[in-house]
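Here are a few notes to read with the structure open beside you. Take them one by one and find each spot as you go.

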Amino acid sequence: MAFTVISAIVVASQMPIPIPTGVAMPQKAIIYARTSPGQTADDIRVPNIEKQLQVCQEYCRQKGYEILGEYQDDEYSGRTYPMGCKQAVDDNEFQAYAKARLADSTGHARPGLAELLSTLNDADVVVAIDWSRIARPLSQSLLIDWLKQQLKDARVEIDMVHDDN
């Protein structure tokens with residue numbers, strides 16, 4: 001049996017490759033859920049972590065989002081920064097809150113939010129049931145502005161299941 005070897009050279013075309021119109025790639029979503037310290041399972045104001053994740057998963061399916069990951073912080077205050085955030089040191093309002101309410105300002109930092117922020121470059125949108133799960137404002141705290149800037153810098157939108165604003 002004889003074999004013939006054929007060599008081929010492929011030359012890249014200088015012509016632009018047309019991109020089909022009307023075909024949208026699904027947006028890549030990251031889900032975030034958080035419960036507050038001392039929140040009980042029967043608290044009707046905010047669902048538990050599992051319920052928040054279920055609601056957000058269903059929301060993503062309805063919107064056609066591809067879920068990249070889910071991050072959670074169970075029993076962490078929405079007034080605290082993500083773990084490892086240097087911004088917390090410069091936020092005087094947060095430091096006053098931490099001193100009055102928390103044993104220490106780093107021990108209550110949110111590891112789930114820190115993980116979420118580390119994956120922003122892979123995502124198009126962050127989904128949560130409402131803004132209070134992402135952050136709760138202190139009157140002069142820089143936390144919310146800082147978080148919004150992180151999302152803006154990564155070109156990531158935020159999409160809330162219950163948008164009350």
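1. Start with the sheet. In this predicted model, 4 strands make an open sheet, and their order across it is 2-1-3-4. The pairing is parallel. If the word "pairing" is new to you: strands of a sheet pair through backbone hydrogen bonds, either parallel or antiparallel.

2. Now look for the edges. Strand 2 (66-73) and strand 4 (157-160) are the edge strands, and each of them pairs on one side only. The sheet isn't flat, by the way: neighbouring strands are turned by 25° against each other on average, direction ignored.

3. Zoom in on one pair. Strand 3 (residues 125-128) and strand 4 run parallel and are joined by 4 bridges. Which residue of strand 4 is the bridge partner of V127? That's D159.

4. Next, a helix on the sheet. Helix 4 (residues 111-118) packs there and touches strand 1 (28-34), strand 2 and strand 3. The direction of helix 4 makes about 150° with that of strand 2.

5. Have a look at E75 too. This residue is not a glycine, yet its phi is positive, about 65°. You'll find E75 in the loop between strand 2 and helix 2 (87-90). Its relative accessibility is 45%, so E75 counts as partly exposed.

6. R155 is another one to check. Its phi is also positive, about 60°, although R155 is not a glycine. R155 sits in the loop between helix 6 (143-153) and strand 4. Is R155 buried or exposed? R155 is exposed, because its relative accessible area is 75% and the cut-off for exposed is over 50%.

Technical notes:
Residues numbered from 1 in each chain as written. Predicted model: local features only at pLDDT ≥ 70, side-chain atom pairs only at ≥ 80, totals over all residues. Heavy atoms only, no water. Pairing = 2+ DSSP bridges. Helix = DSSP H or I, 4+ residues; strand = E, 2+ residues; numbered from the N terminus. Axes fitted to C-alpha atoms, helices over the stretch in contact; angles between N-to-C directions. Contact = heavy atoms within 4.5 Å. Buried < 20%, exposed > 50% of the residue type's maximum accessible area, 1.4 Å probe, protein only.
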